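Hi,

Here is the structure I promised to pass on. Have a look at it, and then read on for what turned up.

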Amino acid sequence: MGAGNRRWADRGDAIGHGLSWLARWSTRLALAAVGFVIVSWVIGKLWVIVMPVLLGLLITTVLWPPTRWLRSRGLPPALAATVVLLGGLGVLGGVVALITTSIASGVPEIADSATQALQQAREWLAGPPLNLGTSQLNDLVEQGTDQLQSSVGSIANGLLTGAGRVTSGVVTGVVALLLAFFFVKDGPRFTPWLRGVVGERAGAHLTVVLERVWDTLGGFIRTQAVVSLVDAVLIGLGLVVLGVPLAAPLAALTFLGGFVPIVGAFVAGALAVLVALVSNGLTTAIIMLAIVVAVQQLEGNVLQPILQSRSLRLHAAVVLLAVTAGSSLYGIAGAFLAVPVVATAAVVLRYLSEVIDRHSGAEETPPTPPSSEPEGASARTKGTADGTSHG
């Protein structure tokens, strides 16, 4: 009897201990959730500041390697950053000018094709099975005109709203470029300042984390460039094979649009299909639409998740869920920034796991600071400091 009571007491203690453990961790998770909600609310209120900083960081990952090379050749930091930034803007401007020139040269051909397509459409509507006469077609045109006139107010409001968003986007881009210039120029100053503020031990931890985050952001940009290039090549080949004019500028637009999730690929694909419809007819447009849909499905469901999961060390399902959550919360910008943000959080969690493992093994020595690593790794760490110092 006594043994039975003892076993019952032991079982009750075990259940009580489990419930206490569950209560403690539930409280911690609830507090962490409250903190996450507060941080999300603050980010939403300061999005006009957060967005340029994040874009500036991503631009810095592209500008830092050539800037580091110029600085290693003796150029002052400000001059090296200026040269690289102006060079990057020049390359982008050259690509835009090439696209514009190609489109302008192809407009007369497309206009002639559009006129012929409209005439063919009128003849098709006038024939069987519709058998619409000239008067009926004119009535349809007048109805469409009246409908447009009655909707002028809503259309004007939509255009004004769109113009306001475009203006806001331009301002955000300019601010991001200016921040990227300061990040590239003054980034290496941040790591010593950080270690002096938080102390050598905490500074060593933060420096290692920032270096890993910097490598992650660089991998994201490289992966996005590869995905956009594959899209541009495949769609460009489809345009060339089908004999659609403006294949080169449309392929270039596809590459640039690949850096803007969802909308960029949609707009570039729609332009390719529209040009095919106007210049080559309905059959070619349908084939081009099938090619665009197939390429975008390959990109969104296979290529991008696999490449990003490898370069960012994230599972493909995590990438898809991150893009879905980011687009639902913050729209296009959220879809673009969701993957690097989640990858950064994963980097921090992995490092915390390493620290916990060392602590559980009674080893509390922080990782070796990057100052003792090869100069390339140290430079990447310094590059990470660009965005963190101003963010």
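Let's start with the nonpolar patch on the surface: helix 1 gives the largest share of it, four residues. Bear in mind throughout that this is a predicted model.

Which residues form the patch? They are Val 34, Ile 38, Trp 41, Val 42, Leu 46, Val 48 and Ile 49, and together they have about 690 Å² of accessible area. Two elements give two or more residues each to the patch, namely helix 1 (2-45) and helix 2 (47-72). If you want to find the place in the viewer, go to the end of the one helix and the start of the other.

One residue to click on is Val 42, which sits in helix 1. Is Val 42 buried, exposed or partly exposed? Its relative accessibility is 34%, so Val 42 counts as partly exposed; the cut-offs here are under 20% for buried and over 50% for exposed.

Now for the chain as a whole. You'll find 12 helices and zero strands, so to speak an α-α-α-α-α-α-α-α-α-α-α-α pattern when you read along the sequence. The chain has 391 residues, and 31% of them are buried.

As for contacts, take those in the chain with a separation of 6 or more: 73% of them are between residues 24 or more positions apart. On the outside, the chain exposes about 22900 Å², and 71% of that area is supplied by carbon and sulfur atoms.

Cheers

Key. Residues numbered from 1 in each chain as written. Predicted model: local features only at pLDDT ≥ 70, side-chain atom pairs only at ≥ 80, totals over all residues. Heavy atoms only, no water. Patch = residues over 30% accessible without salt bridge, like charges linked within 9 Å, V, L, I, M, F, W, Y side chains within 5 Å. Areas by Shrake-Rupley, 256 points an atom, 1.4 Å probe, with all protein chains shown as cover. Salt bridge = Lys/Arg side-chain N within 4 Å of Asp/Glu carboxyl O. Buried < 20%, exposed > 50% of the residue type's maximum accessible area, 1.4 Å probe, protein only. Contact = heavy atoms within 4.5 Å.
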